[in-house]
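Here's a quick briefing to read with the model open beside you. It starts with the ligand and then works outward through the backbone and a handful of individual residues.

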Amino acid sequence: MSTPLIWFVFMNLSILLKPGYCTETSDQVLSITPQTQEQVDILRNVSTHYETVLWQPVSNEYISTQVQVHLYVPANSSVTVKAILQKHGITHKVLLANPNVLTEMQMKNDSTDPRSGSTFYERYHTLEEIYDWINRTAQDNPRTVKAILIGSSYEKRPLYVLKLSFNDRPNRKAMWIDCGIHAREWISPAFCLWFVHHSLSFYQQNTEITRILDSMDVYVLPVMNPDGYKYTWTAIKRRWWRKNRSISNSGFCVGVDLNRNFDVDWGIKGSSQNPCEEINCGPFPESEPETQAVANFLRRHKNIVQLYITIHSYSQMLIFPYSYTFDQAENHNDLLEMVQEAAQRIKRHYRNTYTYGPGAATLYPSSGGSDDWAHKLGIKYSFTFELQDRGEYGFLLPPSHISGACNEALLAVKTVGVKVLEKAQAPANHHTI
Ligand code: 0X9
Ligand code: ZN
């Protein structure tokens with residue numbers, strides 16, 4: 001054997017014999033559907049005791065038989081986790097074999113690359129870019145767009161709402177859209193930017209957006225959780241952050257789930273008082289400055305705001321109140337009809353499936369959410385839209401999918417927007433003779 005060949009064999013042997021050779025070289029996202037209660041318990045255990053991140057469901061209390069679990073497993077815990085699954089006969093599929101590559105793709109939003117061919121709205125943006133965009137949009141459209149400061153975040157970042165106002169008829173009604181309650185759901189802020197851009201570009205060109213903007217002012221909060229969003233952009237390891245960044249009194253854990261912090265059945269279902277958990281509802285209702293800012297604004301404007309929409313991801317669902325109880329909202333049938341039509345139109349135009357219904361029954365019961373709170377405040381048309389996808393990429397939806405995800409969500413927003421106008425115009429006590 002020649003010397004270089006001996007070296008080659010030796011080097012590879014030394015790699016093979018190294019402890020830990022069998023570990024995965026890459027992080028992965030696994031899809032697992034537990035079949036028995038024992039498997040449910042094991043999965044709950046794995047997700048709490050090993051270094052993993054539950055993508056779906058958000059908390060291990062929601063893990064149950066026949067429900068798909070999406071579990072992010074870092075390379076260093078891969079062998080252990082897979083061994084436990086195998087030992088208990090739990091089968092898994094690899095959903096994403098290399099999420100880090102997708103993460104980098106999402107962060108690479110280089111507008112100077114002429115080969116990318118994508119527009120500003122077809123890329124994800126850092127918080128600073130979004131603030132710049134908010135300023136620019138207000139400056140470039142002084143007659144129709146105003147940036148309103150409604151408060152600031154825990155880390156003192158400004159919370160700006162863009163008010164789109166295309167005419168100044170008296171007694172104008174309004175709708176509200178917020179994005180980015182949950183930091184890791186990047187498609188959500190991307191949608192708010194998309195929506196504003198569409199409104200400014202297609203007013204008087206597209207019938208539905210024109211009808212909406214002619215009759216309503218639209219308030220858009222592009223990033224409700226700027227501290228969390230910023231955090232997800234700082235390192236691959238932080239990409240899965242969901243909550244805000246407030247520091248609890250009691251210990252070292254950070255963050256409150258803003259969608260558990262609203263004052264509706266606060267702290268009861270699908271939420272936790274433990275600051276270390278993803279669904280931590282905070283120390284008391286509206287404890288968080290981000291929640292307070294939104295709640296105060298909506299309280300002040302409750303007589304004009306008729307439609308509340310909050311944008312999340314992922315699972316392709318059009319949800320309406322209630323989530324905090326299985327009781328039906330008094331306008332359940334109206335709400336159901338609205339999302340049903342939205343889902344049908346998405347199916348027809350984009351061949352994509354959205355499930356729909358009241359939150360508790362369609363997704364899971366949970367208290368303290370903004371949609372239920374807005375509904376109880378008197379904003380009777382209140383929705384949570386969960387955008388793409390259904391688990392192919394999850395939070396790592398590639399930039400090339402932004403336009404598809406946003407266009408179908410836009411269709412849903414326009415559908416419910418127009419329906420609200422029609423309902424408002426219909427006589428209040430319409431009786432057939
Ligand atoms: O759990 C949530 O906050 C939302 N799902 S997500 O995966 N984006 O976290 C659903 C919110 C539904 N509405 C209420 N729970 N009120
Ligand atoms: Zn969410």
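## Around ligand 1

Sorted by class, the shell around ligand 1 holds two nonpolar, eight polar and six charged residues. Keep in mind that this is a predicted model. In total, 16 residues surround the ligand, and the closest are Arg242, Tyr364, Ser366, Asp371 and Glu386.

**Contacts and cover**

- Two of the side chains to look at are Ser366 and Asp371: a polar side-chain atom of Ser366 sits 2.6 Å from a nitrogen atom of ligand 1, and a polar side-chain atom of Asp371 also lies 2.6 Å from a nitrogen atom of the ligand.
- His312 joins in too, with a polar side-chain atom 3.2 Å from a nitrogen atom of ligand 1.
- How much of ligand 1 does the protein cover? On its own the ligand has 410 Å² of accessible area, and the protein covers 95% of that.
- As for where it sits, ligand 1 takes up the space of the second largest pocket.
- Which elements give two or more residues to the shell? They are strand β9 (305-313), helix α12 (370-377) and strand β12 (381-387).

**Strands β9 and β12**

- Ser313 belongs to strand β9, and with a relative accessibility of 6% it counts as buried, because the cut-off for buried is under 20%.
- Measure across from Ser313 to Thr384 and you get 9.6 Å between their C-alpha atoms, although the two are 71 residues apart along the chain.
- Ser382 is part of strand β12, and its relative accessible area is 0%, so Ser382 is buried.
- From Ser382 to Asn225 the C-alpha atoms are 20 Å apart, with their positions 157 residues apart along the chain.

**Backbone oddities**

- Some background first: most peptide bonds are trans, and most residues other than glycine have a negative phi.
- Where are the cis bonds to look at? One joins Gln56 and Pro57, with omega at about -5 degrees, and another runs from Ser313 to Tyr314, with omega near -5 degrees.
- Pro57 is in the loop between β2 (53-56) and β3 (69-73).
- Tyr314, on the far end of the Ser313 bond, is in the loop between β9 and β10 (317-320).
- Gln316 is found in the loop between β9 and β10 as well, and its phi is near 55 degrees, a positive value in a residue that isn't glycine.
- Is Gln316 buried or exposed? Its relative accessible area is 5%, so Gln316 is buried.
- Glu286 is another non-glycine residue with a positive phi, at about 55 degrees.
- You'll find Glu286 in the loop between α8 (226-232) and α9 (289-300), and at 13% relative accessibility it counts as buried.

**Stops along the helices**

- Arg345 lies in helix α10 (residues 332-350).
- Why does Arg345 count as buried? Because its relative accessibility is 14%, and the cut-off for buried is under 20%.
- The side chain of Arg345 also makes a polar contact with the side chain of Thr415, at 2.8 Å.
- Asn407 is in helix α13 (residues 402-425).
- With a relative accessible area of 25%, Asn407 is partly exposed, because that label covers values between the buried cut-off of 20% and the exposed cut-off of 50%.
- Asn407 and Gly267 are 35 Å apart in space, C-alpha to C-alpha, and 140 residues apart in sequence.
- Ala190 is in helix α6 (residues 187-202), where its relative accessibility of 8% makes it count as buried.
- Between Ala190 and Gln328 there are 32 Å from C-alpha to C-alpha, for a separation of 138 residues along the chain.

**To take away**

- For the ligand, begin with the polar side-chain atoms of Ser366, Asp371 and His312.
- For the backbone, the stretch to click through includes the cis bond from Ser313 to Tyr314 and the positive phi of Gln316.

How values were computed:
Residues numbered from 1 in each chain as written. Chains lettered and ligands numbered in written order. Predicted model: local features only at pLDDT ≥ 70, side-chain atom pairs only at ≥ 80, totals over all residues. Heavy atoms only, no water. Near = heavy atom within 4 Å. Polar contact = N/O pair within 3.5 Å; in protein donor to acceptor, adjacent residues only side chain to side chain. Areas by Shrake-Rupley, 256 points an atom, 1.4 Å probe, with all protein chains shown as cover. 1 Å grid on protein atoms, 1.4 Å probe; cavity = no way out; pocket = protein on both sides within 12 Å on 5 of 7 lines; lining within 4 Å. Sits in = over half its atoms within 2 Å of the grid points. Helix = DSSP H or I, 4+ residues; strand = E, 2+ residues; numbered from the N terminus. Nonpolar A, V, L, I, M, F, W, Y, C, P; charged D, E, K, R; others polar. Buried < 20%, exposed > 50% of the residue type's maximum accessible area, 1.4 Å probe, protein only.
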